[in-house]
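Let us walk through a protein structure together, one piece at a time. Keep the picture in view and follow along as each part is named.

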Amino acid sequence: MRAMALLLVGLLALAGCDDEPADGAADMNPGAEGEGEGEGEGEGEGEGEGEGEGEGEGEGEGEGEGEGEGEGEGEGEGEGEGEGEGEGEGEGEGEGEGEGEGEPVGRAGLFGPGVESFTVEIDYAVGAAPETRREGLLDNRSPWLLFETNALALFGDDPPLLLVPHELEQMEELPADAAPFDDYRGREILDLAEVYRDAPSTAADRSIYVVWINGYYEDNSGRRDTVLGVSLGDTGVIAMFKPVLEGVSNTPMAEQTTLVHEFGHAAGLVNNGLEMVEDHHDSEHGAHCDNRDCVMYWTIESAAGLGNFLGPLLGNDDDPVLFGPECVADADAAAE
Ligand SMILES: [Zn+2]
Ligand SMILES: [Zn+2]
């Protein structure tokens with residue numbers, strides 16, 4: 001009964017894609033944490049790299065290590081490097097032994113067998129509450145049905161139990177002093193998650209943590225005032241930038257569509273953890289899809305591009321699947 005905790009923090013420095021307003025699954029990727037699995041065998045999932053150096057450092061090129069994370073803008077140069085202490089501190093003290101279900105996992109296996117539930121945990125900064133209004137929507141439906149429909153489209157025929165809040169009371173407002181800045185880098189968003197995320201993603205009970213920020217995304221080129229949301233590497237952490245979202249007409253649908261896009265990144269689309277059934281990777285624009293009618297098309301993460309995408313959807317009489325067939329196929333293939 002010794003459990004080993006392999007802590008790895010990978011590090012990844014990342015990347016930065018120069019030009020586009022992507023949301024970047026940025027890259028900080030703190031790696032997996034693996035606390036050792038169960039009885040006595042000591043492996044721990046975390047495997048890892050963990051060296052701490054991270055390329056990334058000065059040059060802003062996309063890909064941070066390994067799986068092609070990186071896509072885009074991320075933290076860009078500079079940031080990220082260095083941290084990553086990859087220590088593998090070996091022996092934990094034996095807590096958690098035996099079960100193994102509590103250990104945080106990354107996106108791998110999300111669409112595979114054994115996933116029983118999928119929780120979307122939502123926090124929001126003061127003044128940045130997510131849209132839950134039903135007025136103006138068909139049959140006064142909840143805007144959150146759009147996210148649910150699209151999550152189910154990726155989960156396929158045998159989906160886990162989806163636990164998605166539809167009402168503000170099911171979400172949590174952060175303390176006033178928790179998120180007081182005007183601009184947030186990936187590191188600061190991960191710091192918030194570190195403190196306020198309540199539902200870790202485990203092998204059977206997966207989760208993402210989404211925080212609505214009353215401010216803007218910032219990378220090495222400064223404030224990105226058209227970036228609607230970001231998904232941070234393989235952490236399952238997503239930030240939504242309220243002042244930008246409010247600038248798009250029909251903010252409830254803008255928020256949902258942005259969340260669908262960021263969930264796609266968190267899940268490993270496109271070619272960023274999920275293998276492609278056929279090539280549809282628009283590699284010039286990070287982990288995006290080359291189908292212009294798919295929610296993973298790169299322009300959707302900026303305010304103007306999203307407006308164009310939403311136009312034809314508004315007034316639709318149900319909650320459409322926004323992923324194109326190529327992206328859905330990748331998720332389906334991962335289920336087998
Ligand atoms: Zn994107
Ligand atoms: Zn697609």
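A good place to begin is an open sheet of three strands, which lie in the order 4-6-7 with mixed pairing. At its edges are strand 4 (183-184) and strand 7 (222-224), each of which pairs on one side only. Strand 6 (residues 216-219) and strand 7 run antiparallel and are joined by three bridges. If you look along that pair, you will find Tyr217 standing opposite Arg224 in strand 7. Bear in mind as you look that this is a predicted model.

Now step back to see the whole chain. Six helices and eleven strands make it up, as far as these elements go. Of its 336 residues, 51% count as buried. There is also something to learn from which parts of the sequence meet: among contacts between residues at least 6 apart in sequence, 78% join residues at least 24 apart.

Next, find strand 8 (residues 229-232) and strand 9 (residues 237-241), which pair in the antiparallel sense over four bridges. The two strands form a hairpin, with four residues between them. In the turn, Gly233 has a positive phi of about 50 degrees. Across the pair, Val230 stands opposite Ala239 in strand 9. Are the two faces of strand 8 covered or open? Both are covered: Gly229 and Ser231 are buried on one side, and Val230 and Leu232 are buried on the other.

Let us turn to a single residue, Phe118, which has its place in strand 1 (residues 117-124). Why does Phe118 count as buried? A residue is buried if 20 or more other C-beta atoms lie within 10 Å of its own, and Phe118 counts as buried because it has 21 such neighbours inside 10 Å. Leaving aside residues up to four places away in sequence, Phe118 touches Ala151, Pro160, Leu162, Leu163 and Arg206. You can also look for Phe155, which is 37 residues from Phe118 along the chain, with 9.9 Å between their C-alpha atoms.

Our last stop is helix 4 (residues 251-267), a run of 17 residues. From its first C-alpha to its last, helix 4 reaches 24 Å, close to the 24 Å expected at 1.5 Å a residue. How many of the residues of helix 4 are buried? The count is 16 of the 17, so helix 4 is largely enclosed by the rest of the structure. Glu262 is found in this helix, and it counts as buried because 25 other C-beta atoms lie within 10 Å. Between Glu262 and Val210 there are 9.6 Å in space, C-alpha to C-alpha, although the two are 52 residues apart in sequence. Just after helix 4 comes Gly268, which takes a positive phi of about 110 degrees.

Helix 4 also has a partner to look at. The axes of helix 4 and helix 5 (residues 303-310) come within 11 Å and cross at roughly 105 degrees, so the two helices are roughly perpendicular to each other. Where they meet, helix 4 brings Met253, Ala254, Thr257 and Thr258, while helix 5 brings Leu306, Phe309 and Leu310. Sorted by class, this contact has five nonpolar residues, two polar ones and no charged ones. The spacing of such residues fits a simple idea: an α-helix has 3.6 residues a turn, so residues three or four places apart point the same way.

Technical notes
Residues numbered from 1 in each chain as written. Chains lettered and ligands numbered in written order. Predicted model: local features only at pLDDT ≥ 70, side-chain atom pairs only at ≥ 80, totals over all residues. Expected span 1.5 Å × (residues − 1). Buried ≥ 20, exposed ≤ 12 C-beta atoms within 10 Å, placed from the backbone. Axes fitted to C-alpha atoms, helices over the stretch in contact; angles between N-to-C directions. Parallel < 35°, antiparallel > 145°, perpendicular 65-115°, else oblique. Contact = placed C-beta atoms within 7 Å. Nonpolar A, V, L, I, M, F, W, Y, C, P; charged D, E, K, R; others polar. Pairing = 2+ DSSP bridges.
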